[in-house]
Amino acid sequence: MKKNLSMNGEATGISITLDRGPYQNNGASPWYACVGLGTSPQPLKFSFDTGSNFIWVTSSLCKPNTCEHYGDKQFVYQLSSSFTWVDEQVMAVSFGPWGSMEVQTGRDVFTLTPHLNQSDIGSVSVLSDIYLAKSYEGPQFSELDWDGGIGVPSMTDVTETAAYSPYRYQSFANQAEAASFHFFQSLIEQRIVSPQCPYVGFLTDIDSKAGQVQFGQLDDDYRNSREYLFLPWDQYAAPYLWTSKIFSLSIGHKQVISPESLQQEPYFFALDSGSSAFKGDVTLMNTLYNIASQTKEDVVIEIGRTDAGDVGKLVVTADMYNVFIEEGEDKGKVITQFQPLEGGDYIALVGSVMMDYLYTVYEYSIHYIDGKPNLLPVGMWVFNKPSGPRVITTLQELPARIFDVN
């Protein structure tokens, strides 16, 4: 996969290699990066997850009969000379329908080093708080290809928790010292990422099972593309999700979400790099599953606008939403990837099932408070791949403005 750097002063950004595990029917992305954690660095598989607002890892706190997962590795904090405890109190972190994870809170160094084949600019280290998993169980966790997740939320400093229970979220309840997770912000503070290039991009290839996540870089192959959409960020009930409002959604000739119904309650669309399948509103997902599994008709999402003011359109075909399950309980089956999410009202969220066919860029704006960068979401950019299917069927008159400064 081609690498391209966008230079801004001394900060070049960083590109990290992604590998693909087997696709499993648990709703989690098969994509992960090998990242070193601790001193000496212990290589572990992490998802860079735009659907969560915390950092976690399976750890040596787990008992032999817990924390079973396909990734099959754990962080042995006792072997790390740089590890410190933040709070040894056991607390619960919600993983929505997967259940809760018991964790304790520590702090250690993430290292992206050339010999681990993740970084193209040399050794990069980020000190961060981290939830050390002590216990979790269930079939979804057992089919998880990664050992932990690094949250890349739309916004970091979220204090309310009650409304977020359907999703992966950070809990503050009864914690003596609130944990702090600022992975991307740390890259800016260390001048690894330029404040003029506040982007996080994902580009994956199913056939080669190789991909990249880019922090502060853009892929130059898309500089002149007219096949893109900008999806402005709009706040959903879980504000750390990357969400944008839908204008309509249909499958075949059936309009499931009409512009008229949106006058009563808005629907949201989210791109979640930690997920695979479409998930969300129970009625919406059940309707899509029932029709899609019988007719294999296209799903059409109207969202965003072109630079001429026309409504943007995304088309998801049966070849994209019907996926062969490569491992786990449903190995060998082809399963339609629409999954209802209890409590996920008025949202359609999707990860690799759609993102594998697009180049996706998350854009922040940066505001400085007391000299420290504070990140706020601007929106998501999606581009058709040059040799891929036309997911975006509307055409722009001009290239995307994010390339103007690079």
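Is Val-282 buried, exposed or partly exposed? At a relative accessibility of 23%, Val-282 comes out as partly exposed, because the cut-off for buried is under 20%. Keep in mind for every view here that this is a predicted model.

**View A. Val-282 and its partners from further along the chain.** Val-282 sits in helix H3, which runs over residues 282–295. Skip the residues up to four places away in sequence, and Val-282 touches Pro-340, Leu-341 and Glu-342. Gly-344 is worth showing too: 62 residues separate it from Val-282 in sequence, yet the C-alpha to C-alpha distance is 7.2 Å.

**View B. Ser-59, a buried loop residue.** Here we're in the loop between strand S4 (55–58) and strand S5 (84–95), which is where Ser-59 sits. Its relative accessible area is 0%, so Ser-59 counts as buried. Setting aside neighbours within four places in sequence, Ser-59 has contacts with Gln-74 and Phe-75, plus Leu-132 and Ala-133.

**View C. The largest nonpolar core.** This core takes in 101 residues. Those with the most contacts inside it are Phe-48, Leu-187, Phe-215, Phe-269, Phe-278, Leu-314 and Met-354. Strand S7 (residues 124–135) provides the largest share of this core, with 6 residues.

**View D. Met-354 up close, and a second core.** Not counting residues up to four places away in sequence, Met-354 touches Phe-269, Phe-278 and Leu-314, along with Val-316, Met-320 and Val-391. A second core, separate from the largest one, has 13 residues, among them Leu-218, Tyr-359, Phe-383 and Ala-400.

Methods:
Residues numbered from 1 in each chain as written. Predicted model: local features only at pLDDT ≥ 70, side-chain atom pairs only at ≥ 80, totals over all residues. Heavy atoms only, no water. Helix = DSSP H or I, 4+ residues; strand = E, 2+ residues; numbered from the N terminus. Buried < 20%, exposed > 50% of the residue type's maximum accessible area, 1.4 Å probe, protein only. Contact = heavy atoms within 4.5 Å. Core = buried A, V, L, I, M, F, W, Y, C linked by side-chain atoms within 4.5 Å.
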